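Subject: Structure for your files

Hello,

Please find the structure below, with the sequence alongside. My notes on it follow.

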Amino acid sequence: MPLPGGRLRELCRDGFLLLVGEMCDSGLFAQVLGKVTTAPLAVRGLAEMDGTGPLAERLGAGPDEARLIRPDAHIAAIIPHAGPEQVKAAVRRASRLSKE
């Protein structure tokens, strides 16, 4: 999936990538997730990555949703009504699965 400045795989190959909708607080998620995992994890707003909207449209992402992308560029979790607790739980689950 082409993105401005590169491909999705290039953006997440060093760790997890959390893509958040416009109603989500990416700064809050980054702060909370730093306490959950030591694995590399970047938090980016969909609008920041793709100002024109096709990425959110392709992912079917709503403004209050988040997508957790694994380092192999697969979607590990779709988080509707994303809040800190839901995102933390998704990262914990994905981190356990990626170690096995």
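**The S5/S6 hairpin**

Ile-69 has Ile-75 as its bridge partner in S6. Please keep in mind throughout that this is a predicted model.

The two strands concerned are S5, residues 66-69, and S6, residues 75-79, which pair in the antiparallel sense over 4 bridges. Two other pairs of residues can be placed in this ladder. Arg-67 is opposite Ile-78 of S6, and Ala-66 has Ile-79 as its bridge partner there.

S5 and S6 make a hairpin, with 5 residues between them. Ala-73 is in the loop that joins S5 to S6. Its phi is positive, about 75°, although the residue is not a glycine. Ala-73 has a relative accessible area of 21%, so it counts as partly exposed; the cut-off for buried is under 20%.

In S5 the side chains divide into two sets: Ala-66 and Leu-68 point one way, Arg-67 and Ile-69 the other. Both sets are buried, the arginine included. In general, side chains of a regular strand alternate between the two faces of the sheet.

**Ile-75**

Ile-75 belongs to strand S6. How exposed is Ile-75? With a relative accessibility of 39%, Ile-75 is classed as partly exposed. Once neighbours within four places in sequence are set aside, Ile-75 contacts Leu-59, Arg-67, Leu-68 and Ile-69. The C-alpha atoms of Ile-75 and Leu-17 are 9.4 Å apart, and these residues are separated by 58 residues along the chain.

**The sheet**

S5 also pairs with strand S3, residues 16-20; these two run antiparallel and are joined by 4 bridges. Ala-66 in S5 stands opposite Val-20. Ala-66 thus appears in both ladders, facing Val-20 and paired with Ile-79 in S6.

The sheet as a whole is open, has 4 strands in the order S4-S3-S5-S6, and shows mixed pairing. Its edges are S4 (41-45) and S6; each has a single partner strand, so one side of each has no neighbour in the sheet. From one strand to the next the twist averages 15°. Helix H2, residues 26-33, packs on this sheet and touches S3 and S4, with its direction at about 170° to that of S4.

**After S6**

A second positive phi is found at His-81, about 50°, and this residue is not a glycine either. His-81 is in the loop between S6 and helix H5 (84-99). Is His-81 buried or exposed? Its relative accessibility is 58%, so His-81 counts as exposed.

**Cysteines**

How many disulfides does the structure hold? The number is 0. As for the cysteines themselves, Cys-12 has a relative accessibility of 0% and therefore counts as buried. Cys-24, with 13%, counts as buried too.

**The chain overall**

The chain has 5 helices and 6 strands. Read from the N terminus, its elements run β-β-α-β-α-β-α-α-β-β-α. The chain has 100 residues, of which 41% count as buried. Its accessible surface is about 5900 Å², and carbon and sulfur atoms make up 50% of that. Among contacts in the chain with a separation of 6 or more, 62% are between residues 24 or more positions apart.

**Confidence**

The average pLDDT of the chain is 81, and 85% of the residues score at least 70. Where is confidence lowest in the chain, and where is it highest? Strand S1, residues 2-3, is lowest with a mean of 49, while S6 is highest at 92. The hairpin strand S6 described at the start is therefore the element with the highest confidence, and S6 is also one of the edge strands of the sheet.

Regards

Notes
Residues numbered from 1 in each chain as written. Predicted model: local features only at pLDDT ≥ 70, side-chain atom pairs only at ≥ 80, totals over all residues. Heavy atoms only, no water. Disulfide = S-S within 2.5 Å. Buried < 20%, exposed > 50% of the residue type's maximum accessible area, 1.4 Å probe, protein only. Pairing = 2+ DSSP bridges. pLDDT = per-residue confidence, 0-100. Axes fitted to C-alpha atoms, helices over the stretch in contact; angles between N-to-C directions. Contact = heavy atoms within 4.5 Å. Areas by Shrake-Rupley, 256 points an atom, 1.4 Å probe, with all protein chains shown as cover.
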